[in-house]
Amino acid sequence: MVFNWFRRQNNDSSDTQQQETPPVTESQPEPDATSTPSPTVSDSTADLLAFAKAAYKNIQEKQKPQEAEATTELADVQLPVETTEVEEEVTAEAETIQSPVVGTTVTEVLETIPTPEIEVANEEVQEIIATTQQDVESEPEPVESETTSPTTLSFLERAAAEREAKQERLIASAIEVPEPEVVQPVAATTSETASEIDGISFDEGFVWSAEVLAAQGRRAEDISIEEITWLKKLRQGLDKTRRNILNQLKAIVGQGPLNQEAVTEIEALLLQADVGVEATDYIISALQKKLREEVTPPEEAIAYLKKILRDMLDAPLKTSHKASFAPDKDSLNIWLITGVNGAGKTTTIGKISHLAQQSGYRCLIGAADTFRAAAVEQVKVWGTRSGVEVIANPGKNTDPAAVVFDAIAAAQSRNTELLLVDTAGRLQNKKNLMDELSKIRRIIDKKAPDAKIESLLVLDATLGQNGLRQAEVFSQAAQLSGVVLTKLDGTAKGGVALAVVQQLGLPIRFIGAGEGIEDLRPFSSYEFVEALLSG
Ligand SMILES: Nc1nc2c(ncn2[C@@H]2O[C@H](COP(=O)(O)OP(=O)(O)OP(=O)(O)O)[C@@H](O)[C@H]2O)c(=O)[nH]1
């Protein structure tokens, strides 16, 4: 079954019937303003940890077939041919204790559960591991036979028998240790195997990502490594913005009803994160209203703030903009990608075409950036990477509108479902270039009247507020329907997402947080706000 990245669900028969599925943000139940929505798991740390572990195990299971051959080979090389049963048992036990499912040591897993019993259990497990490892390592020769009578036992045999007895005692005492999701390791060296199989560790970032997906109603068995990797990346990308605002914000809202001084401090924080004056005013007054009514502990105040931000980010979806913008199957969807020079248009096209391929759409790219010599070559490279064909006109000074015309004709004849149109970067004050963009839009409307059209403005988040000035002119020329916010990685101006929505009234459709092909995903207000404000 193919996972549809645009809809965030598996493609099934409902897909072909063009059913509108609720976006991620709408699936979040909001029992009250201050609690984190979580329909599938309770808020307890233990439940969330169990959910994360189940998700991890599931990912590992899915990866097993690919890894099986390699790990079997590894096992063949590392295990001596004449290994006796005694040795095998000891080794297997050592490995089992060392490596629960999740590609991490028991210590690491247990470290995430800060209860006194677990800590005690942890020490016991460490002792077992240490003793067992010592025994395994100190074994000089394989034992030939288990059936020799006690009187004729050699030193090594006696040692093996003692070790076996000791092992049994240790295992018996280890019964009380919670052994979550223990799987049989295939290779001899479990730590190596775990990292080879998974390529992702069971760390705090994994647990956070799994929690965010759980809160959106996702089941542990449906969570993929790509989703986890993306969320970790998004959170990492927003690190700078988060670090700048979160601690100070907690300190301020924790003081109770906001006084003028606190309001000024929060305003300054939000403005520094490029949230913009308008959005900041809105946030402050909503927060103040709440805090005037009741004394709110810091965590609750932050949860309330998260809700305010989510509502702001989702506001455009409640007006004329459709919540789900996923391309319809079996019909033509055209996405026009515009923006100033260097905003990340071509890269975005490459990443979206990759998502489209992965999601099972027939996709095509129209290379209508005929202004810059290398642009067509650049988009072709992305086409090759994602396995999507590019329609281009190799001639010099080609009219981009003519390329768009050809690309639509090609898309129509090939039953393409998603045509992505790359355009040249242009400044909003260059009238001729903006007229050219209007012409491209007219061609699309005329040549493909039945197509579902998205007109997306690519904005570079590192420009913060400065980037927004372009939007109005683009909006007129290209009839914008949404925004792609790129380069969220490494900027302290992540708050610009709120300014975009508040000032432009446009929904954010995608966010980019890196230069790689996987580093762009459909926007989810829930994920964004969690990544921004979860400490
Ligand atoms: N760090 C980071 N870099 C990005 C991201 N998106 C794009 N870039 C980089 O931004 C630079 C410009 O990207 P392009 O896709 O060429 O931008 P463009 O808008 O097509 O540029 P023009 O064709 O000149 O208008 C490239 O070096 C990209 O790798 C992102 O999300 N994060």
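**View 1. The shell around the ligand, by residue character.** In this predicted model, the residues of the shell around the ligand fall into three nonpolar, 10 polar and seven charged. Of the 20 residues around the ligand, the ones that come nearest are Gly344, Thr346, Thr347, Gly425 and Gly512. Which helix gives the most to this shell? That is helix H14 (residues 345–358), with three residues.

**View 2. The open sheet, strand by strand.** Eight strands make up an open sheet with mixed pairing, and a walk across it follows the order S5-S4-S6-S3-S7-S8-S9-S10. Strand S5 (389–391) and strand S10 (520–522) stand at the edges; each has a single partner strand, so one side of each is left without a neighbour in the sheet. From one strand to the next, the twist averages 25°. As a friendly reminder, strands of a sheet pair through backbone hydrogen bonds, either parallel or antiparallel.

**View 3. Strand S3 and its two partners.** Here we look at strand S3 (residues 333–338), flanked in the sheet order by S6 and S7. S3 pairs in the parallel sense with strand S6 (residues 418–423) over five bridges, and on this side leucine 336 stands opposite valine 421 in S6. With strand S7 (residues 452–460), S3 also pairs in the parallel sense, over six bridges; there, isoleucine 334 stands opposite isoleucine 453 in S7.

**View 4. The side chains of S3.** Is S3 mostly covered or mostly open? S3 is mostly covered, with six of its six residues buried. Asn333, Trp335 and Ile337 point one way from the strand, while Ile334, Leu336 and Thr338 point the other way. Both sets are buried, so a residue here has 20 or more other C-beta atoms within 10 Å of its own.

**View 5. The edge at S10.** Strand S9 (residues 508–512) and S10 run antiparallel and are joined by three bridges. In S10, leucine 520 is the bridge partner of glycine 512. You have already met this glycine in the first view: Gly512 is among the residues that come nearest the ligand.

**View 6. Helices H16 and H17 side by side.** Two packed helices are described by the angle between their axes and the distance between the axes. For helix H16 (residues 400–413) and helix H17 (residues 431–447), the axes come within 9 Å and cross at roughly 20°. That makes H16 roughly parallel to H17, since angles under 35 degrees count as such. The crossing in which H16 passes H17 is right-handed.

Methods. Residues numbered from 1 in each chain as written. Predicted model: local features only at pLDDT ≥ 70, side-chain atom pairs only at ≥ 80, totals over all residues. Buried ≥ 20, exposed ≤ 12 C-beta atoms within 10 Å, placed from the backbone. Helix = DSSP H or I, 4+ residues; strand = E, 2+ residues; numbered from the N terminus. Pairing = 2+ DSSP bridges. Axes fitted to C-alpha atoms, helices over the stretch in contact; angles between N-to-C directions. Near = placed C-beta within 6 Å. Nonpolar A, V, L, I, M, F, W, Y, C, P; charged D, E, K, R; others polar. Parallel < 35°, antiparallel > 145°, perpendicular 65-115°, else oblique. Left-handed = near helix turned anticlockwise from the far one by under 90°.
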